[in-house]
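Visitor: I'm new here and would love a short tour. Could you take my questions one at a time?

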Amino acid sequence: MTETVAAPPPVSPPPSVSLPPAVPTRRTGVRRTAVTAALLAPAGLTVGALVLVPLALVLRNSFATADPYGGIQGGFTLANYHELLDPVYLKVFGYSLGMAALNSVVCLVLGYMVSYYLVGRPPRRQGLLLLLIIVPFWTDFLVRTFAWINLLSPGGPVNALTDALGLTHGPTEWIPSQGASFVGLVYAFLPTAIFPVYASLRGVDPALGEAARDLGCGWWRVHTRVLLPLARPGLLAAALLTFVPTLGVFVIPVLLGGGKHQLIGNLIVTLYTEFRNQPMGAAASVVLLALMIVSLAVFGAAAGRLRRAQRKGGTS
Amino acid sequence: MRSLADRATGWLARGVIVFLYVPIVVVVVLSFNDSDVTYKWAGFSTRWYGVLAGDTDLLSSLRVSAEVGVASATLATAGGLLAAMGMARLGRRFRAVFSGGLFLPLVIPEIVLGVALLSVFGTLRADLGLTTLVLGHLVVTLPYAALIVLGAHGALDPALDEAAADLGCNAWQRFRRVTLPLLRQPLVAAWLLCFTISFGNIVMSTFTSGVGTTTLPLRVYSLLKGGLTPEINALGTLLVLFTFLIILGAGLRQMRRVLVGGDGTPG
């Protein structure tokens with residue numbers, strides 16, 4: 001029905017004229033295309049006009065010179081990128097990459113453990129436990145961040161606990177600090193990391209782990225040789241969903257880290273809203289975009305290699 | 001027999017799930033604290049909810065957030081539905097290209113999307129306000145709406161549409177009487193999730209809100225820079241309650257479909 005035949009063989013007109021044409025005529029074909037285009041237009045226009053064109057403009061602005069007020073003056077210069085090579089900015093990029101990598105690793109390890117625990121539960125329990133992870137995931141991002149100010153303030157719950165354990169004596173300043181900022185990041189991204197790992201671990205036949213155990217694999221080898229490789233697509237997705245977004249965060253380093261140690265997100269916000277240097281802000285955004293594309297390429301290549309290896313492994 | 005290491009992992013996993021709740025529970029508990037500082041417990045009180053109810057600044061930004069949420073969720077859900085119906089009519093290759101574009105905003109850091117929109121609005125000399133906020137939130141929510149509706153639309157039995165056509169329904173009647181009722185639940189879920197995403201959004205709002213259109217998260221963020229107050233904990237508690245209601249409304253099945261894929265049943 002959907003396939004258009006080039007030239008229908010001539011047939012004598014059927015006696016009944018009310019039947020719809022079995023082969024699309026030129027007229028209905030045009031109509032069909034028009035309807036399809038109309039259906040796709042709202043979403044297509046949104047992406048085109050509000051995503052693609054704006055991104056192209058950012059790319060263009062990153063090569064522009066600034067007017068005295070920090071606006072776009074036009075022209076072509078590499079000065080904005082050159083200025084980003086300043087040690088002050090390089091430090092931000094290095095710190096962001098480190099924080100993002102650390103956050104991904106911690107989220108992945110914890111996410112894997114939780115997923116492994118989840119898939120071992122009976123189906124009904126699994127549904128309930130999954131709900132327990134869905135609730136914090138949908139809880140307002142700011143609430144989840146300022147919750148840590150409650151917890152970590154001097155004399156707050158965590159401080160009371162460490163006092164009772166004899167680890168601290170009296171009110172202790174944990175906020176603002178890099179540690180608090182990191183805990184906030186892990187807390188913000190952990191649910192995001194659990195879902196894809198769980199989704200891929202759920203598809204693994206539990207008999208495989210048991211078989212490996214019966215064949216003499218210890219706990220560690222069951223995981224490293226059997227389950228982890230099988231969960232790798234989910235782990236790759238989780239890594240991508242935590243690594244790149246962490247780079248662009250700006251709320252957590254301000255509220256929990258005191259704004260001293262900035263992520264790329266903070267840098268972009270500062271350049272746009274405080275320094276009002278649009279070309280520099282655009283250049284920093286393009287760098288973030290480039291880091292995203294590199295990460296996508298790396299994770300994509302890893303996933304592709306994985307698929308090929310699995311296909312080659314076939315039924316083994 | 002489960003090994004010791006297995007049991008240890010189990011306990012650690014339970015610990016992680018508890019870790020996810022400790023901060024939320026603390027916000028709820030401390031919102032009932034009869035003290036001017038958040039961390040010193042001074043007895044039970046609901047006075048901060050009273051303070052919250054009389055905070056006109058917060059209430060006006062609540063109004064902005066609600067308006068922007070309703071507008072962007074409605075546009076995103078409608079756009080997602082139309083796109084799903086359109087994509088079903090495309091060939092394999094075009095469909096792949098279109099869905100690539102549709103889901104592009106999911107992989108691009110939101111802050112870059114915000115900066116990009118701000119640049120366009122700046123070039124057009126458009127005043128930042130409700131319209132720019134809604135457009136920004138539409139960019140953020142559309143992929144989620146499309147994700148839910150596309151999955152549900154793809155799972156529909158094409159025979160139902162064909163049967164309706166055979167019975168003499170025209171395209172509009174088939175949409176109105178067959179497709180729409182069948183997709184009611186996923187559409188409700190998509191709308192609610194888009195509203196939630198818009199309502200809690202801070203990154204896109206940072207770049208698209210203007211004078212007089214400060215959204216609730218933006219207002220709270222600027223308050224927090226001056227320090228946390230029990231009043232903000234009270235607001236946080238209401239937002240946690242709101243999350244529960246949204247999840248109930250959207251249905252767990254739809255939620256699982258988006259987050260872990262498949263038909264939503266574990267195992």
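Visitor: How many residues does the contact take from chain A and from chain B?
Guide: Keep in mind that this is a predicted model. On the side of chain A that touches chain B, the classes are 56 nonpolar, 14 polar and three charged residues. Counted by chain, the contact takes 73 residues from chain A and 78 residues from chain B.

Visitor: Which helix gives the most to the side of chain A that touches chain B?
Guide: Look along residues 26-61 of chain A. They supply 15 residues to that side, and the helix they form is H1.

Visitor: Which helix gives the most to the largest nonpolar core?
Guide: This core has 157 residues, and Ala146(B), Val149(B) and Cys194(B) touch the most other members. Val149(B), for one, touches residues including Leu81(B), Leu183(B) and Ala190(B). The top contributor to the core, with 15 residues, spans residues 130-154 of chain B: helix H7.

Visitor: Is Leu156(B) buried, partly exposed or exposed?
Guide: Leu156(B) sits in the loop between H7 and helix H8 of chain B. A buried residue needs 20 or more C-beta neighbours within 10 Å, and an exposed one has 12 or fewer. Leu156(B) has 15 inside 10 Å, so the verdict is partly exposed.

Visitor: How far apart are the end C-alpha atoms of residues 232-252 of chain B?
Guide: The UniprotKB record, an unreviewed entry, lists this span of chain B among its "transmembrane region" features. The span is 95% helix and 0% strand. Its end C-alpha atoms are separated by 29 Å.

How values were computed:
Residues numbered from 1 in each chain as written. Chains lettered and ligands numbered in written order. Predicted model: local features only at pLDDT ≥ 70, side-chain atom pairs only at ≥ 80, totals over all residues. Core = buried A, V, L, I, M, F, W, Y, C linked by C-beta atoms within 7 Å. Helix = DSSP H or I, 4+ residues; strand = E, 2+ residues; numbered from the N terminus. Contact = placed C-beta atoms within 7 Å. Nonpolar A, V, L, I, M, F, W, Y, C, P; charged D, E, K, R; others polar. UniProt positions renumbered as here; feature names shortened; annotations may be inferred. Lists of a residue's contacts leave out its neighbours within four places in sequence.
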